[in-house]
Amino acid sequence: MNPANPRYDFDFAVAGGGPAGSSAAISLGQLGHSVVLFERETFPRFHIGESLLSTANDAFAALGVTKRIEAAGFPEKWGARLITHDGQTGRYVDFANAREITRPQTYQVCRQEFDRILLERAREVGVDVREACNVTACEFTPDAAILDVASRGNTAAARVRVRALVDATGRGGLIARKFNLRTEEPRLANIAIYSHYTNVPRLEGPRPDDIRLIACNDAGWFWLIPISKELTSVGVVLPKTLYRRLANGSSSEETLNRTISDTPVVAELMRNAQREWPVRVEKDFSYSASAYAGNRWILAGDAGSFLDPVFSTGVSIAMESGIEAAAELHRALVRNDFSASSFAAFSRRQRKRFQTFRRFVVGFYTPQFRDVFFSPEPPKLIFRSVVTILAGRWNAGLWTRFLNQLFFAMISIQKRLNITPPVFRRDRDAGYPTRTRSEDPIANGVRPLTPPVGQR
Ligand SMILES: Cc1cc2nc3c(=O)[nH]c(=O)nc-3n(C[C@H](O)[C@H](O)[C@H](O)COP(=O)(O)OP(=O)(O)OC[C@H]3O[C@@H](n4cnc5c(N)ncnc54)[C@H](O)[C@@H]3O)c2cc1C
């Protein structure tokens, strides 16, 4: 029972203990609220999503974990090495060039350890963290959010009554599924196949642990992410249509091996690599949300929306949105107004961030974007503004946004005239999206599928 108000068991509940849930819970705890966090797994647990953006440093500072993250010994990330399938182009996305960034250097993390650090911090600030507790249902009355929680090893489900719920259940999407909030992203209908390997050589030079992003000459691409001294996360992302054609009945392991051997630069890097875990496959990971908050609930991280992993935005957005969700609920408590309409600014901010990154992500799966993005000599000023957004500063100043418009103008021109030599195959069968930006409802801010008012 919450001693401050016996009508509630706690002020707030958080469902999910990933980066979004922990960040929301820590921030609410730091603001002095009583918080319970339910996590269905027992930590440490495996999770994909290992490469962070520079802006993650701001989140670490806000959450009070900077020193702990520094001490954990995660490989340092200063940016990304972009490489074409034949190894010909070796552009560098250098976060040190980004504007409006507090600190460019960030990390690539082993998620078992990273998520554990955040969850421990939540405990430290007084959050009641309950692992092996699955939130099975939730309902919302005018004055409370009520959760059903099943804990492992305990047959009777518990009911918990709070002022409001942060849904941070990731792709599980507790509330998104309840209220049918999700819209799939057909332009990002991709599949990822990956595992962790030892004996993958690191980059030469002063920044050996940067992520390598290696583009196939069709729409696929590889990530190679050092996540510890020994381990490198290696995966390929392919459009579903291409994947089906390639897989053609073979196992995910065979498909991964085939795509590796078909891409000369990756084949060379993986020559002595030793796989340490079974190959995993993930699909249907890109979607948007028609609402990010409603009466007495708020979504953070992947529980709201998620973009394809190509620009490593997921964890950094998850932490940022968790912190924002907490600030929003704190304000709601002060005003004593937990209505959907009072959360409108929060929802707008989530949507804006999603759309800013989405433009780059959708662009990446077109050959013209890749021609310009991978080009060895792109205009410096423009590329610097692109790097600023990709380092995580999605809400950059006017000048940066203007230069980004010029970048996308260059891509439009590349569709008609070759301002840079075309390197990537114009192969529609490979799964390239064919709709133009003006035909794309999400890019144009058309909100799909709004749930009936009574349900929100
Ligand atoms: C192939 C792939 C590669 C990726 N690579 C990157 C990358 O390089 N960099 C990056 O930043 N991001 C990457 N991501 C994205 C990243 O994995 C996610 O964006 C990030 O984990 C989101 O954090 P979250 O806290 O919102 O959700 P999660 O990390 O998924 O956490 C959700 C938590 O909720 C728990 N949960 C679920 N349902 C319930 C329930 N009903 N009750 C209680 N608990 C529940 C889960 O067990 C889980 O611990 C990648 C994603 C994919 C698919």
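In this predicted model, the centres of domain 2 and domain 3 are separated by 24 Å, taken over C-alpha atoms. The domain assignment places domain 2 at residues 195-283 and domain 3 at residues 367-439. Domain 1 is assembled from three stretches of the chain: 10-74, 109-184 and 286-354.

The protein chain contains 13 helices and 20 strands. Its radius of gyration is 22 Å, close to the 23 Å that the globule rule gives for 456 residues, so the chain is as compact as a globular protein of that length. The C-alpha trace spans about 70 × 45 × 45 Å along its principal axes. Of the 456 residues, 49% count as buried. Contacts were also sorted by distance along the sequence. Among those with a separation of 6 or more, 74% join residues 24 or more positions apart.

The largest nonpolar core holds 133 residues. Within this core, Ala13 and Ile298 touch the most other members. Helix 9, residues 314-335, gives the most to the core, with 9 residues. Ala13 is in contact with Val36, Phe38, Ala145, Leu147, Val160, Val162 and Leu165, leaving aside its neighbours within four places in sequence.

Leu165 belongs to strand 10. This residue counts as buried because 27 C-beta neighbours lie inside 10 Å, and the cut-off for burial is 20 or more. Not counting residues up to four places away in sequence, Leu165 touches Ala13, Ala15, Cys138, Ala145, Leu147, Arg296 and Trp297. Ala145 and Leu147 thus appear among the contacts of Ala13 and among those of Leu165. Ser342 lies 177 residues from Leu165 in sequence, and their C-alpha atoms are 15 Å apart in space.

Strand 10 covers residues 158-167 and includes Ala158. Ala158 has 14 C-beta neighbours inside 10 Å, so this residue counts as partly exposed. Between Ala158 and Leu398 there are 50 Å, C-alpha to C-alpha, and 240 residues along the chain.

Pro142 sits in the loop between strand 8 (133-141) and strand 9 (144-151). Pro142 is exposed because 8 other C-beta atoms lie within 10 Å, where exposure requires 12 or fewer. In sequence, Pro142 and Ser339 are 197 residues apart. In space, their C-alpha atoms are 8.7 Å apart.

The ligand is surrounded by 38 residues. Gly18, Gly49, Gly170, Gly301 and Gly314 come nearest. By class, the shell has 16 nonpolar, 16 polar and 6 charged residues. Helix 1 (19-30), strand 2 (35-39), strand 8 and helix 9 each supply at least two residues of this shell. Helix 9 gives the most, with 4 residues. Helix 9 is therefore the top contributor to the largest nonpolar core and to the shell around the ligand.

Helix 12 covers residues 380-390. Its buried residues are Phe383, Ser385, Val386, Val387, Thr388, Ile389 and Leu390. The cover over these buried residues includes strand 5 (92-94), helix 10 (344-364) and helix 13 (398-416). Just after helix 12, Gly392 takes a positive phi of about 115°.

Key. Residues are numbered from 1 along each chain as its sequence is written. This is a predicted model: local features need pLDDT of at least 70, side-chain atom pairs count only at pLDDT 80 or more; totals for chains, interfaces and linings use all residues. A nonpolar core is a set of buried Ala, Val, Leu, Ile, Met, Phe, Trp, Tyr and Cys residues joined through C-beta atoms within 7 Å. Two residues are in contact if their C-beta atoms, placed from the backbone, lie within 7 Å. Domain bounds come from an automatic or database domain assignment. A residue is near a molecule or strand if its C-beta atom, placed from the backbone, lies within 6 Å of it. Ala, Val, Leu, Ile, Met, Phe, Trp, Tyr, Cys and Pro count as nonpolar, Asp, Glu, Lys and Arg as charged, and the others, Gly among them, as polar. The radius of gyration is taken over C-alpha atoms; the globule rule is 2.2 Å times the number of residues to the power 0.38.
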